[in-house]
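Grab your viewer and a coffee. Here are a few short exercises on reading side chains, each with a worked solution.

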Amino acid sequence: MNELEIQQIRQEYLLHSLNEDDVLTNPFSQFKNWFQEAIESEVAEPNAMTLATVDISNKPHTRIVLLKGFNEEGFTFFTNQASDKGKEIEANPNVSLCFFWVELQRQVRIDGTAVKVPKTESEDYFKTRPYQSQIGALASNQSEEVSNREYLDAKFKELSLKYPEGSTVPMPESWGGYQIVPSYFEFWQGRRSRLHDRIVYEFKNGNWATTRLSP
């Protein structure tokens, strides 16, 4: 495929519209409605979200993480807090999330501050994870170099023997959750001719204010 062929890749967005009268006054409620629609539309992994962080050299980094809960306090995901993303959050808690639901031609951007959730909450969630995911978390020192794949497989097998299925797998000390406390939401709906709808919520003077942005 050459550059010209890549430039010709495009799709018209015709499914929905988003007007000021369509959105709720509370952005958490608006997100809940869209998230439920994504689930009902059988979007592939509707809880997958891009997490953007900035390191101590002001270089941005992005990766996909999975949303594991949300309420009017924030959006929660779990990870190894000693990983690169954890170190970046520790140095600069300002982060950004982005959900892209291509089947609905929608995306939601959320900017906010990351805070660690209580250890007891992380432990409660860890216990609900599938057994192999628990062992995987224990086997992996996320973001650290390993010599090869065989090392990881051997570590996984070793821990599987030490903690057989049905036993209690201890949560790694460095593993836990973050809650993103939002200060900004943007609800984006794809429209014809690239004249997309963009409705934003900003938290000002104790209230959420909405505005429309040009696409």
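The exercises below work through one helix, one aromatic pair and two charge-over-ring contacts in a predicted model.

**Exercise 1.** Work out which residues of helix α4 are buried, and what they pack against.

*Solution.* Start with the span: α4 covers residues 119-128, and its buried residues are Ser-122, Tyr-125 and Phe-126. Now look down the axis of α4: these buried residues fall within an arc of 105°, so they line one face of the helix. Flip to the other side of α4, and you'll find Thr-120, Lys-127 and Thr-128 exposed. Last step, the partners: the buried residues of α4 pack against β4 (74-80), α5 (131-139) and β7 (175-189).

**Exercise 2.** Classify the ring pair of Phe-31 and Phe-99, then say which parts the pair ties together.

*Solution.* There are 25 aromatic pairs in the structure. For Phe-31 and Phe-99, the ring centres are 5.1 Å apart and the planes sit at 55°, so call this pair tilted; planes under 30 degrees apart would be stacked, and over 60 edge-to-face. Next, place the rings: Phe-31 is in helix α2 (residues 27-40) and Phe-99 in strand β5 (residues 94-101), so the pair ties together parts 68 residues apart in sequence. Finally, check burial: Phe-31 has a relative accessible area of 0% and is buried, and Phe-99 counts as buried at 0% too.

**Exercise 3.** Over which rings do Arg-106 and Arg-194 lie?

*Solution.* Take Arg-106: it lies over the face of Trp-34, 4.2 Å from the ring centre. Then Arg-194: here the ring is that of Tyr-13, with the centre at 5.3 Å.

Technical notes
Residues are numbered from 1 along each chain as its sequence is written. This is a predicted model: local features need pLDDT of at least 70, side-chain atom pairs count only at pLDDT 80 or more; totals for chains, interfaces and linings use all residues. Side-chain values use heavy atoms; hydrogens and water are left out. Buried means under 20% relative accessible area, exposed over 50%, partly exposed in between (1.4 Å probe, protein chains only). Helices (H or I, at least four residues) and strands (E, at least two) are DSSP runs, numbered from the N terminus. The arc is that of the directions from the helix axis to the C-beta atoms. Contact means heavy atoms within 4.5 Å. Rings of Phe, Tyr and Trp (its six-membered ring) pair if their centres lie within 6.5 Å; planes under 30 degrees apart count as stacked, over 60 as edge-to-face and the rest as tilted. A charge sits over a ring if NZ of Lys or CZ of Arg is within 6 Å of the ring centre and within 35 degrees of the ring normal.
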